[in-house]
Amino acid sequence: MAQQLDIGATYLPMEFRQALARGESLPEAAEGAALFSDLSGFTVLAGALSARYGTTGGAERLAELLRGTFDGIIAAIHDNRGSIIGFSGDAVTVWFDDECDAELPGAVRAVAAAKAIHDFVAALPDFQVDDTQKLSVGVKVSVTAGAA
């Protein structure tokens, strides 16, 4: 049973996981919006760093370079009261529940977060791979809204 909860937790917003931990029941359905954000150029950057610094050194350098990138993406999500469902490599899936805010529906907050993520990533400087090579990343963000 514990393993099933671990697998399910990957797809549940934090507030739902907390409710389950308190023994509360979850609603049958919810209204809101889902946001999916994926960095573009991540694979090229990872490959270049791995080629330059080796597998371990490249992974360490990549984590160092992207730490601030993910901090900015997470801040945009939290500023708009989104709940991160999970990360998959350089992608993040987020839920914006309509119940979270009586004045701003999840779709409005999700689009605001998408714009903030886009603007943040667009303003990032190029990542310095070595003395001669710089690479940039972009971001693709999608939002869908309705019943879940």
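Let us start at one residue and work outward: Gly 146 sits in strand E6, which spans residues 138–147. This is a predicted model, so every position described here comes from a prediction rather than an experiment. With a relative accessibility of 26%, Gly 146 counts as partly exposed. Leaving aside residues up to four places away in sequence, Gly 146 touches Ala 30, Glu 31, Gly 32 and Trp 95. Another point of reference is Ala 110: its C-alpha atom lies 12 Å from that of Gly 146, and the two residues are 36 apart along the chain.

Now step to Ala 29, which is found in the loop between helix H2 (14–21) and strand E1. Ala 29 is exposed, with a relative accessible area of 53%. Although 118 residues separate Ala 29 from Ala 147 in sequence, their C-alpha atoms are 6.8 Å apart in space.

With those landmarks in place, we can look at the whole chain. It has four helices and six strands, and along the sequence they follow the pattern α-α-β-α-β-β-α-β-β-β. The C-alpha atoms fill a box of roughly 55 × 35 × 20 Å, taken along the principal axes. Among contacts with a separation of 6 or more, 65% are between residues 24 or more positions apart. Of the 148 residues, 35% are buried. The accessible surface of the chain comes to about 8,700 Å², and 56% of that belongs to carbon and sulfur atoms. As for charge, the chain has 10 positive and 20 negative charges, and the mean positions of the two groups are 7 Å apart.

What lies inside? The largest nonpolar core has 28 residues, and Leu 39, Leu 45, Leu 66, Ile 73 and Ile 117 touch the most other members. Strand E1 (31–40), helix H3 (42–79), strand E3 (91–97) and helix H4 (106–122) each supply at least two residues of this core. Helix H3 gives the most, with eleven residues. To see one of these core residues at work in the packing, find Leu 45: beyond residues up to four places away in sequence, Leu 45 touches Leu 62, Leu 66, Phe 127, Val 129, Leu 135 and Val 137.

Next, return to strand E1, where you will find Asp 38. Is Asp 38 buried or exposed? Asp 38 is buried, because its relative accessible area is 17% and the cut-off for buried is under 20%. Its contacts, not counting residues up to four places away in sequence, are Asp 90, Ala 91, Gly 138, Val 139 and Lys 140.

Ala 91 leads us to a hairpin. Strand E2 (residues 83–88) and strand E3 pair in the antiparallel sense over five bridges, and Ala 91 in E3 is the bridge partner of Ser 88. Two residues lie between E2 and E3 in this hairpin, and Gly 89 in the turn has a positive phi of about 65°.

One more backbone angle deserves a look before we finish. Arg 81 lies in the loop between H3 and E2, and its phi is positive, about 55°, although it is not a glycine. Most residues other than glycine have a negative phi. At 35% relative accessibility, Arg 81 counts as partly exposed.

Conventions. Residues are numbered from 1 along each chain as its sequence is written. This is a predicted model: local features need pLDDT of at least 70, side-chain atom pairs count only at pLDDT 80 or more; totals for chains, interfaces and linings use all residues. Side-chain values use heavy atoms; hydrogens and water are left out. A nonpolar core is a set of buried Ala, Val, Leu, Ile, Met, Phe, Trp, Tyr and Cys residues joined through side-chain atoms within 4.5 Å. Buried means under 20% relative accessible area, exposed over 50%, partly exposed in between (1.4 Å probe, protein chains only). Contact means heavy atoms within 4.5 Å. Two strands pair if DSSP finds at least two bridges between them. Accessible areas come from the Shrake-Rupley method with a 1.4 Å probe; for residues, only the protein chains shown count as cover. Lys and Arg count as positive and Asp and Glu as negative; His and the chain ends are not counted. The place of a charge is taken as NZ of Lys, CZ of Arg, CG of Asp or CD of Glu.
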